[in-house]
Structure formats: structure tokens, C-alpha cells
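Me: I would like to go through a model and ask what stands behind the terms used for it.

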Amino acid sequence: MTDVLQSGLETADIKPNIGSVIRADKQALLSGEHAGEIRNLLEARGVLVFPRINFTDEEQLRFTETLGTVVRERTGEDVFTVSLDPEKSTGVEYLKGSLYWHFDGTMQPVPILSSILCAKVLSATGGNTEFASTYAAYDALSDEKKAELEGLSAMHSAWSSLFYYDPEPDQAKLEMFMDVGDIELPLVWTHKSGRKSLVLGCTARNIVGMDNKQGTRLLNGLREWATSEPFRYVHEWSVGDMVMWDNTGTLHRATPYPLDSGRELHRTKLEGEEPIRA
Ligand code: OGA
Ligand code: MN
């Protein structure tokens with residue numbers, strides 16, 4: 001069902017638990033007049049899709065600035081090229097982890113609020129982006145399961161996800177990934193708003209203080225649950241689409257695509273506003 005908000009912004013839910021399509025005039029989006037509504041929808045719906053909005057890099061950056069504080073990439077760029085082709089992107093080694101469920105900036109004390117992707121070139125096969133609501137997944141847990149998770153935390157690191165795609169890395173590469181550090185994060189994030197979400201992903205290695213096999217079983221089971229059909233949205237891209245997600249309550253991953261497919265998405269990011277707290 002399409003809703004027309006007071007300001008004229010048109011939105012429609014994609015699935016009950018996750019995702020809204022937004023149709024708005026490009027100039028209106030750039031003016032910032034809808035910024036408050038977009039921020040509210042982002043938190044409420046997890047993923048916002050702006051079909052074929054066809055922003056240039058400059059427009060994408062301007063739109064991002066209307067919503068909060070833009071964060072630069074490690075490489076210093078405001079608009080970063082997401083591609084697995086080393087000729088196109090400087091971050092290929094880390095981007096290989098984007099094929100597994102994760103949220104962005106896990107290792108930062110305050111994870112980013114949102115990432116925004118604009119599609120420039122698509123792969124002929126694969127290369128969808130999947131999203132899963134960790135708010136909805138938490139809410140739908142039984143009371144027994146919620147009680148079981150209370151007080152638990154997991155160790156997260158970039159080197160844990162490295163083993164997903166490079167199971168026998170050379171030592172220098174392992175050291176490089178280990179240098180990124182390790183962080184202990186609660187399994188359940190209690191947000192300032194009072195809402196709770198699960199903190200999961202391919203960076204999660206073990207549950208602190210729990211036997212390894214038991215911890216792996218728990219983490220894997222929660223990942224399977226959180227990314228299951230009721231909580232998941234798969235975006236099949238068209239060139240020109242822009243998609244943004246609430247990185248504090250949404251996991252995401254790319255579905256596999258050939259490294260040399262030319263697939264290219266441009267990314268901007270919004271600075272985080274709250275640390276992960278139990
Ligand atoms: C990212 C990411 C997914 C994709 O840019 O953070 O995970 O589909 N991208 O490329
Ligand atoms: Mn990502």
C-alpha cells in the first residue's frame with residue numbers, strides 16, 4: 001500500500017518486517033525537506049529503496065549530507081567505489097567479506113548509522129544485495145530465548161571473516177587482518193530508543209565464556225533465524241537505484257558475482273550516533 005506523507009513523500013512497504021520504497025522528486029530529496037521523515041522511516045523500516053533516482057556522486061553526497069554527518073572511508077574518499085575488481089576499488093580484500101552477513105564498521109566503537117549505495121554498473125549474474133532486520137528478528141524470539149541471550153557477548157574481528165573466503169591465508173595477510181583488532185560486543189543491543197536488536201555477522205567468532213562448540217551453535221542458529229524469510233529483503237538492482245539501510249538494526253550481504261563482472265556501486269556513509277550497549 002502506498003502512503004503519501006504530509007510533505008508529499010510517497011512510500012510503500014516492501015515486506016511487513018523490512019523495507020520501504022520511496023518515490024520523491026530528486027530536487028526535493030536534495031533540498032533536505034524530507035530529511036526528518038527519511039530518518040524516521042530508516043529506523044522504522046530498516047531499508048529504503050529509491051528506484052532509479054540516478055544520482056551523480058555529487059548528488060549522492062549532497063543527499064547524504066542532508067541526513068547527518070558524512071563519514072569518510074579509510075582511504076579518505078567521501079564517495080567510495082564498491083567493486084571486487086582491483087582496478088576499480090582500493091578495498092577489494094576487505095570487500096570480499098561483503099559476501100557474508102555483516103554490518104558495516106563492526107570494529108568502530110560507534111558503528112556507522114547508515115550506508116547508502118547507488119548502482120552504476122551491474123553484473124550479468126548474481127550481485128543482489130540482501131538485508132535482514134535484526135530488530136524484527138529479536139522481537140520475534142520467544143521469551144525463553146530472549147532470557148537465554150541476556151548478558152551474553154561475542155568477540156568480533158575482521159580476521160574471523162577472513163577465514164570465510166580465504167581459509168588458509170598466508171601469515172602476513174592474517175597479521176594484517178589481526179592488526180584491525182578485536183572487539184567484544186553484546187549479543188543484544190539495547191538502543192537509546194529502548195528497542196532491541198541482535199548483533200551478529202561473519203565477524204562474530206565466539207561467545208565470551210562459552211564452550212566453543214556451544215557458542216558456534218548459538219551464533220549460527222541466530223544468524224540462520226535473523227536472516228530467514230520473514231526478516232529478509234533481497235534487492236535486485238537496476239542501474240540508477242539508490243538503497244540505504246539502518247546499519248544499527250540491519251545485516252546485509254552481496255550475493256556472489258564474478259570478480260571481473262564490472263559490478264560497481266558507489267557508497268556514502270553516515271556517522272554513527274550511539275555505541276552498541278547491552
Ligand atoms: C557494503 C556492502 C554489498 C554489496 O558496501 O558495505 O556490503 O551488495 N555492499 O556490494
Ligand atoms: Mn557492507
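The questions below take up a metal site and a sheet in this predicted model.

Me: What makes H102, D104 and H252 donors of the manganese ion (ligand 2)?
Reply: A donor is an N, O or S atom within 2.8 Å of the metal. H102 and H252 each offer NE2 and D104 offers OD, at 2.1 to 2.2 Å, so these atoms meet the cut-off. Water is not among the atoms, so the site may look incomplete.

Me: How are the donor residues spaced in sequence?
Reply: The pattern is H-x1-D-x147-H. Of these residues, H102 and D104 are both buried, that is, under 20% relative accessible area.

Me: How do you know that β9 and β13 pair?
Reply: Pairing takes at least two bridges. Three bridges join β9 (residues 153-157) to β13, so the two strands count as paired. H156 has A204 in β13 as its bridge partner, and the strands run antiparallel.

Me: Why are β10 and β13 said to stand at the edges?
Reply: The order in this open, antiparallel sheet is β10-β9-β13. β10 (182-186) and β13 (204-207) each have a single partner strand, so one side of each lacks a neighbour in the sheet. Neighbouring strands are turned by 30 degrees against each other on average, direction ignored.

Me: What makes helix α7 a helix that packs on the sheet?
Reply: Contact means heavy atoms within 4.5 Å, and α7 (residues 158-165) touches β9, β10 and β13. The direction of α7 makes about 70 degrees with that of β9. Helix α9 (residues 212-226) lies across β9 and β13, at about 125 degrees to β13.

Methods. Residues numbered from 1 in each chain as written. Chains lettered and ligands numbered in written order. Predicted model: local features only at pLDDT ≥ 70, side-chain atom pairs only at ≥ 80, totals over all residues. Heavy atoms only, no water. Donors = N, O, S within 2.8 Å, 3.2 Å for Na, K, Ca; no water. Buried < 20%, exposed > 50% of the residue type's maximum accessible area, 1.4 Å probe, protein only. Helix = DSSP H or I, 4+ residues; strand = E, 2+ residues; numbered from the N terminus. Axes fitted to C-alpha atoms, helices over the stretch in contact; angles between N-to-C directions.
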